[in-house]
Amino acid sequence: MISIRKEIKWQQRLLKATTMASLLALVLGGSGSGWWMPEQVGAQSPAVGKIDDFTAKPIADGSKGSYDLKFEMSPEGKFTAEAKIIVENRSKDEWDQLIFYFLPNAFTKENKPPFFEDAAEVKIRDAKLDGVKAKYQLTGDTLVIPLAEKLAPNENREVTVKYAFTVPRKGLRFDRTENGFHLAQAYPMLATYQGKDGWNKKPYSLRGESYHTSHADFSISYRLPKGYTIISSSDQDKASNNQSGEIKVKNTKEVFIAVVKGMRSISKTVKGVELRVWGKEADKEAMTVALQAAEKSFEQFTDKLGPYPHKQLDILLDETASMEYPGVVTVGHMGSVDPDLSHTVVHEIAHQWFYGVVSNDPFHHAWLDEGITELATTLYFYDVEKKGDASFYFAEQADATQSVSNLPLDQFGKGPIVGPVYGQPVKELWKLITTYGDAMDGWEFLQAYYQTYAYKQVDTLEFVRFATAYFPVNEQYFAKWLRL
């Protein structure tokens, strides 16, 4: 996620070459005031929530990958890696190529944004298809493997890519700090195949998450220099503080790995899940605040939305972007306790449900994970923390937006996208919820949505289908702020 005050400054950074770390330090929160709180206009309608006859029509995942990843780090901080990916064609079409995101290459000297001070070094050493040396094309963050023999529906191919890389200082997600290395999207990620629209692969964008993958299984082996610890999407980290090991992750959209040194953790078990907050010795106060926010919000989300899909959740405080990954969230932390820290932690944790389990394409429909996540965050601060108008800081920003919420990232204007993507969905959906009920009805709506689309992919039109079945409104309500 890239949030409100942050996204506003992000545009300034595009012009003034400020650092991403300072940009993302301002991610969430604030104390809104004066935002119009719609009054409840009637008692609970008997038509609300009656979705017994509703049949979900999620977006089909035409491509499916399973990953066997190997990473080895040298004492100098250089990585060698091997990715073995079993690619399954679940579509009705024959394929003449396989397409992957390869985001490390977006940070090389040739491809990085000019205001990024440091660059990655990336080199593909070998590519094979079913064990035979294969041709490949690497352009920006797009890796293409041509197929001499087409891949028919329900058939598999095995792709192996051996490569080496370094991690840039002050990158974005894929970055290096004084405490270690964040290996976000550090492997070839199979793009989604969308039927008649073919491979769904757009160029890397700084406006938001421009990559979209299907849920998959991962096996990860690693070898690290002495003194480093691995933090990852896996539940098996507690047994993997050695310098080498193997971990597994099941049914997640991606995997995140951090290789850190000199960091410690505090933990709390909530609902059978271990919550761990990582930071430096000097970060004790911030770590305590983050753990308190995580503990309370995690319990509420589990009760009100549905079960969390893992046995462990890591919150990593570091000089990096505040971002969500399956089983891990990173929180931008510059040393002092940011007044927005709790809001940031809660928002990123809510993404475990809306992104981690309910999937959407964040390039074309960013509002579906950011807007719905911020709605859950707003409900938490309004209903649980009793923050009143201050809970609606993001919605307040939407008053200035003059854009619909569901544009592709490359079609928004030059201004901040936080209003339409984060704030406007909260404002409009809160109006809808409070027309027919109250905060409890908001939780019930999100729970029904989550349970209906868990481990499925949603787009804007499918969300509108669900919402118009749940509430007694038609598409015209949504046409005011969504392109249908």
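How many bridges pair strand β6 (residues 137-139) with β7, and in which sense, parallel or antiparallel? Select both: three bridges join them, in the antiparallel sense. Strands here are DSSP runs of E with at least two residues, helices are runs of H or I with at least four, and both are numbered from the N terminus. Two strands count as paired if DSSP finds at least two bridges between them.

Before moving on, a word on the model. It is predicted, so local features need pLDDT of at least 70 and side-chain atom pairs count only at pLDDT 80 or more, while totals for chains, interfaces and linings use all residues. Residues are numbered from 1 along each chain as its sequence is written, and side-chain values use heavy atoms, with hydrogens and water left out.

**Stop 1: the sheet**

Stay with β6 and β7 and pick Q137, which stands opposite V144 in β7. The hairpin of these strands has two residues between them, and G140 there takes a positive phi near 60 degrees.

Now add β3 (residues 95-101), which runs antiparallel to β7 (residues 142-151) and is joined to β7 by six bridges. Click F100 and look across to its bridge partner in β7, L143. On to β11: two bridges pair this strand with β3, again in the antiparallel sense, and Y101 stands opposite M189 in β11.

Show the four strands together and you have an open sheet in the order β6-β7-β3-β11, with antiparallel pairing. β6 and β11 (189-190) are at the edges with a single partner strand each, so one side of each has no neighbour in the sheet.

**Stop 2: a few rings**

The structure holds 48 aromatic pairs. Rings of Phe, Tyr and Trp (its six-membered ring) pair if their centres lie within 6.5 Å; planes under 30 degrees apart count as stacked, over 60 as edge-to-face and the rest as tilted. Select F107 and F116: the ring centres are 6.2 Å apart and the planes are at 20 degrees, so this pair is stacked. Add Y204, whose ring centre is 5.6 Å from that of F107 with the planes at 65 degrees, so that pair is edge-to-face. F107 sits in the loop between β3 and β4 (122-129) and Y204 in the loop between β13 (199-200) and β14 (216-223), so the pair ties together parts 97 residues apart in sequence. F107 and Y204 are both buried, where buried means under 20% relative accessible area, exposed over 50% and partly exposed in between (1.4 Å probe, protein chains only).

**Stop 3: D237**

Jump to D237, in the loop between β15 (229-232) and β16 (244-252). This residue counts as buried because its relative accessibility is 0%. Its side chain reaches the backbone nitrogen of S232 at 2.8 Å. Beyond neighbours within four places in sequence, the contacts of D237 (heavy atoms within 4.5 Å) include R276, Q312 and D314.

**Stop 4: helix α8**

Finish on α8 (residues 439-453), whose 15 residues reach 21 Å from first C-alpha to last. Eleven of the 15 are buried, so the helix is largely enclosed by the rest of the structure. Colour the buried ones, W443, F445 and Y449 among them, and show what they pack against: α3 (284-304), α5 (366-384), α7 (418-436) and α9 (460-470).

At the N-terminal end, D438 is the cap, with a side-chain oxygen 3.2 Å from the backbone nitrogen of M440. After the helix comes Y455, with a positive phi near 60 degrees.

Notes
Expected span 1.5 Å × (residues − 1). Polar contact = N/O pair within 3.5 Å; in protein donor to acceptor, adjacent residues only side chain to side chain.
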